[in-house]
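Subject: Structure handover

Hello,

Here is the structure I promised to pass on. Please open it first, then read my notes below.

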Amino acid sequence: VVLHCVLSDEERGIYEAIRAATASDVIARLEAGGNVLAALEALLRLRQACCHPALVPGQDAEDSAKLALLLDRLDTAVADGHKALVFSQWTTLLDLVEPRLDQAGISYTRLDGATRDRAAVLRRFQQESGPPVFLVSLKAGGTGLNLTAADHVFLLDPWWNPAVEEQAADRAHRIGQERPVFVYRMVAENTVEERILALQEKKRSVSETALGDSGAALRITRDDLLALLR
């Protein structure tokens with residue numbers, strides 16, 4: 001399920017300022033065969049602005065439209081007796097989710113690259129009496145985990161490789177899962193995130209029909225970057 005959120009006026013202003021400051025110059029350089037690093041940096045800033053202003057250097061904010069929507073959905077899920085996984089590519093975004101959960105009185109645990117005893121954290125969440133929310137770094141916990149205590153999965157920031165998101169969602173959809181699993185992709189309206197969803201569909205289709213290296217079909221190309229930034 002795609003959950004659309006509407007950026008506040010302040011968030012929209014930050015997003016549009018980044019786009020205006022970088023897009024035309026980066027596109028021109030890409031079209032001229034320039035290095036893709038500047039494009040990836042511009043894309044990173046736009047994607048961060050979609051999630052929370054505080055992720056953007058020089059900006060500060062306590063809340064964001066996406067986190068407000070996440071907390072609303074988590075509050076409902078937990079009240080109904082469900083457990084949820086919350087994935088992000090950025091540990092800094094998970095850092096911003098934590099105080100919101102504290103304010104809402106929702107207990108949670110967390111797994112990222114700095115977690116020392118992964119097994120203990122997993123056992124705690126999987127227990128019936130364990131916390132209902134598990135914050136997970138996509139890089140640290142996107143594969144190899146069995147988290148069947150959860151039947152809700154929230155993907156905070158879309159990634160252009162759909163296989164990465166599917167592997168993360170599969171942490172809840174493992175052998176032993178007895179309930180339907182609901183996967184929510186959180187997307188800011190009228191932003192680059194909507195283009196990333198379209199790119200996911202394109203890459204999924206190419207990968208499914210590829211006769212050779214399907215992994216190559218899922219990598220981002222110069223043309224993909226141009227399409228996302230235009």
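Start at phenylalanine 154. Leaving out residues up to four places away in sequence, Phe154 touches Leu3, Leu70, Arg73, Leu74, Ala84, Leu85, Val86, Phe87, Tyr184 and Met186. Keep in mind that this is a predicted model.

Phe154 also belongs to the largest nonpolar core, which has 47 residues. Phe154 is among those with the most contacts inside this core, along with Leu70, Leu74, Leu101 and Leu229. Which helix gives the most to this core? Helix α2, residues 37-51, does, with seven residues. Another core lies apart from this one. That other core has 19 residues, including Phe87, Leu111, Val136 and Leu138.

Next, the largest pocket. The volume of this pocket is about 190 Å³. Its lining consists of Gln89, Thr91, Ser137, Leu138, Lys139, Trp159 and Val164. By type, the lining splits into three nonpolar residues, three polar and one charged. Leu138 turns up twice: in the core of 19 residues and in the pocket lining.

Now the cysteines. How many disulfides does the structure hold? The count is zero. Why is cysteine 5 not bonded to its closest cysteine partner? The closest cysteine sulfur belongs to cysteine 50 and is 8.0 Å away, so the pair is too far apart for a bond. The cut-off for a disulfide is 2.5 Å between the sulfur atoms. Cysteine 50 is in no disulfide either. For cysteine 50, the nearest cysteine sulfur is that of cysteine 51, at 6.4 Å. Are cysteines 5 and 50 buried or exposed? Cysteine 5 counts as buried because its relative accessibility is 3%. Cysteine 50 is at 0% relative accessibility, so it counts as buried too.

Cysteine 5 leads on to glutamate 189. These two are 184 residues apart along the chain, yet their C-alpha atoms are separated by 6.0 Å. Glu189 sits in the loop between β6 and α8. Beyond residues up to four places away in sequence, Glu189 touches His4, Cys5, Val6, Arg12 and Glu194. At 29% relative accessibility, Glu189 counts as partly exposed.

Asparagine 190 lies in the loop between β6 (182-188) and α8 (192-209). What is unusual about the phi of asparagine 190? Its phi is positive, about 55°, although Asn190 is not a glycine. Most residues other than glycine have a negative phi. Asn190 is exposed, with a relative accessible area of 57%. The cut-off for exposed is over 50%.

Two more places to look at. Tryptophan 160 is in the loop between β5 (152-155) and α7 (162-169). Trp160 counts as buried, at 10% relative accessibility. Its C-alpha is 23 Å from that of proline 57, and the two are 103 residues apart in sequence.

Alanine 119 is in helix α5, residues 118-126. Ala119 is partly exposed, with a relative accessible area of 40%. From C-alpha to C-alpha, Ala119 and leucine 145 are 9.8 Å apart, with their positions 26 residues apart in sequence terms.

Best wishes

Definitions and conventions:
Residues are numbered from 1 along each chain as its sequence is written. This is a predicted model: local features need pLDDT of at least 70, side-chain atom pairs count only at pLDDT 80 or more; totals for chains, interfaces and linings use all residues. Side-chain values use heavy atoms; hydrogens and water are left out. On a 1 Å grid over the protein atoms alone, a cavity is a set of points where a 1.4 Å probe fits but cannot get out, and a pocket is an open set with protein on both sides within 12 Å along at least five of seven lines; lining residues have an atom within 4 Å of a point. Grid points are joined across faces, edges and corners, and a volume is the space filled by probe spheres set on the points. Ala, Val, Leu, Ile, Met, Phe, Trp, Tyr, Cys and Pro count as nonpolar, Asp, Glu, Lys and Arg as charged, and the others, Gly among them, as polar. Buried means under 20% relative accessible area, exposed over 50%, partly exposed in between (1.4 Å probe, protein chains only). A nonpolar core is a set of buried Ala, Val, Leu, Ile, Met, Phe, Trp, Tyr and Cys residues joined through side-chain atoms within 4.5 Å. Helices (H or I, at least four residues) and strands (E, at least two) are DSSP runs, numbered from the N terminus. Contact means heavy atoms within 4.5 Å.
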